[in-house]
Amino acid sequence: MKWVTLISFIFLFSSATARNLQRVARDSGHKSEIAHRYNDLKEETFKAVTLITFAQYLQKCSYEGLSNLAKDVLALAQTCAANEDAPDCGKPLPTIFLDKICQVEQLRDSYGAMADCCAKADPERNECFLSFKVLQPDFVQPYQRPASDVICKEYQDNRVSLLGHFIYTVARRNPYLYAPTILSLAADYEHALQDCCKESDVNACLDEKVYQIFHSKKVSVKQHYFCGVLKKFGERTFKANLLVRLSQKYPKAPLSEVTKIVHESSGVHKECCEGDMIECMDDRAELMTYVCSKQDILSSKIKDCCEKPVVERSQCIIEADFDDKPEDLPSLVEKYVQNKEVCKSFEAGHDEFLSEFVYEYGRRHPEFSTQLILRVAKGYEALLEKCCKTDNPAECYANAVEELNKHIQETQDVVKTNCELLNAHGEADFLKAILIRYTKKMPQVSTDTLLEIGKKMTAVGTKCCQLPEERRLPCSEGYLSIVIQDMCKRQETTPINDQVSHCCSDSYAYRRPCFTAMGIDTKYVPPAFDPEMFSFDEKLCSATPAERAAGEMKLLVNLIKRKPQMTEEQIKTIAEGFTTMVDKCCKQSDIETCFGEE
């Protein structure tokens, strides 16, 4: 179905002109938001992003069904572009999309309680719909490309349909993936087809390139994480995190430019997280056009990105390396510790003063995680709040460096200890150590979920501990924060315990140290002993090494759930006993009797 003529959508923005960063739309200069966005994006990209929007809300709908909805919205956009006073043209874009969704026949048959969202008023209606999005749902298979013997002909003869189905599948499987990113993936996919269809072994070429597309750009999890941070901790915390990141990425840029980009970027993230992909696409494209217009003062690392079409440009800029920090940056001690007028500046403009501190600290420390720099800033803020009330503030905050270094030392020690454990003992023992720690911290969590969390944390270690020293810390804490966020999201619907609830809600910057410092849950009452949980049969003997290892891990978790006070030595004895039991009983003629006795 030719709902979309994606011809050259990848190169659509190549002639985009730079516009003022403060959008005219925000100044209410347009009667019709849909007409304004249609005129900005042009037909091909508007249609593509409309499909993405519907696919992310209506994840069970067919390509053809969503194409019809997209066609209706396109028709309205074209009407409004010709006459902004036409019916429905003054509606906000989210309202237009949600009205269309609520008009879908048999919505309740396919989506059940989600249909109840239609009875709510905006913006609650949108919040309701967002809550029903399913991350990587079972009912949507990952993108399956056509067989290599037909894909090149398909691309040549029916490019629009091929790319349309790619976009549709990626969008409905990844409902939090930003529209600009999906179109960037589609551009990469098209480039792969263009390159591989010239090769003798199309299959091998595509296998490698398509794998890289989906695995080198695992941004869906990160974008979902950003949306979670924005929703849980609010815009102020989100902007602070962004300020750290951009100060690290653009250390030569003046603070005024960094804060301007932080403000605009935060708005774009908010649009994307709220499912408003048309505005997200348009505003991010404009933001990147602005960034490229300022690249001389921002970064030397984005020149190649800025020469790409805008659809590919934004993801390239986001993934670009940090710029080299200036060599002549003075020490911060003189300005923020030795200066006797610190309290005057702090009290005169609290937020501005701390923003400048975060910016100056971030641009000097690309080797730290954003969360660690926020902890340093919060520690400095707490110190000034205490000291500025004393008779001699300068004497009080004279030890600021030593106080703030405690945050740095704690984080460096955690990374060092865990990487040494992983490198010395391997993934299996590392996973075992993680499971022991976290089963004691939150024994209420199901065995399978604890195993899942343990494997994710082990994967973080495997990924980050092999990196150079200066990249280990931001990698480790960055990815651990995503794992912790996932745990905290589950905690909201299925409360675990008071300790976990406190760590999840108290402070974004301190979440990881809070989980690290968490002790045994003293309020936990172990379940009664269940012999069935510790019964083994001959299947264990025919199991693969991986299955046997999983069985041992489950036994370990279930034991700790029943005896949380077990010592390391007791756990080690039981683990060795399990291996000995399996080796012994699997050699016997009556395996099950042996297991029962052992």
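## Disulfides

With -70° about its S-S bond, the C196–C205 link is left-handed. The S to S distance is 2.0 Å, and both cysteines, C196 and C205, are buried (under 20% relative accessible area with a 1.4 Å probe, protein chains only). This is a predicted model, where local features need pLDDT of at least 70, side-chain atom pairs count only at pLDDT 80 or more, and totals for chains, interfaces and linings use all residues. Residues are numbered from 1 along each chain as its sequence is written, and side-chain values use heavy atoms, with hydrogens and water left out.

Search the whole structure and you get 17 disulfides (cysteine sulfur pairs within 2.5 Å). Another one joins C464 to C475, with sulfurs 1.9 Å apart. C464 sits in helix 22 and C475 in helix 23, so the pair ties together parts eleven residues apart in sequence (helices are DSSP runs of H or I, at least four residues, numbered from the N terminus). C464 is buried at 0% relative accessible area, and C475 also counts as buried, at 10%.

## A cysteine without a partner

What keeps C61 from bonding to C118? The sulfur of C61 is 12 Å from the closest cysteine sulfur, in C118, and that's too far for a bond. C61 counts as buried, at 18% relative accessibility.

## Around helix 22

Back to the helix that holds C464: helix 22 has 18 residues. Its buried residues, including C464, pack against helix 21, helix 23 and helix 27 (contact means heavy atoms within 4.5 Å). On the helix 27 side, T447, D448, L450 and L451 meet M553, K554, V557, N558 and K561.

How values were computed. Helices (H or I, at least four residues) and strands (E, at least two) are DSSP runs, numbered from the N terminus. The expected span of a helix is 1.5 Å times one less than its number of residues. Buried means under 20% relative accessible area, exposed over 50%, partly exposed in between (1.4 Å probe, protein chains only).
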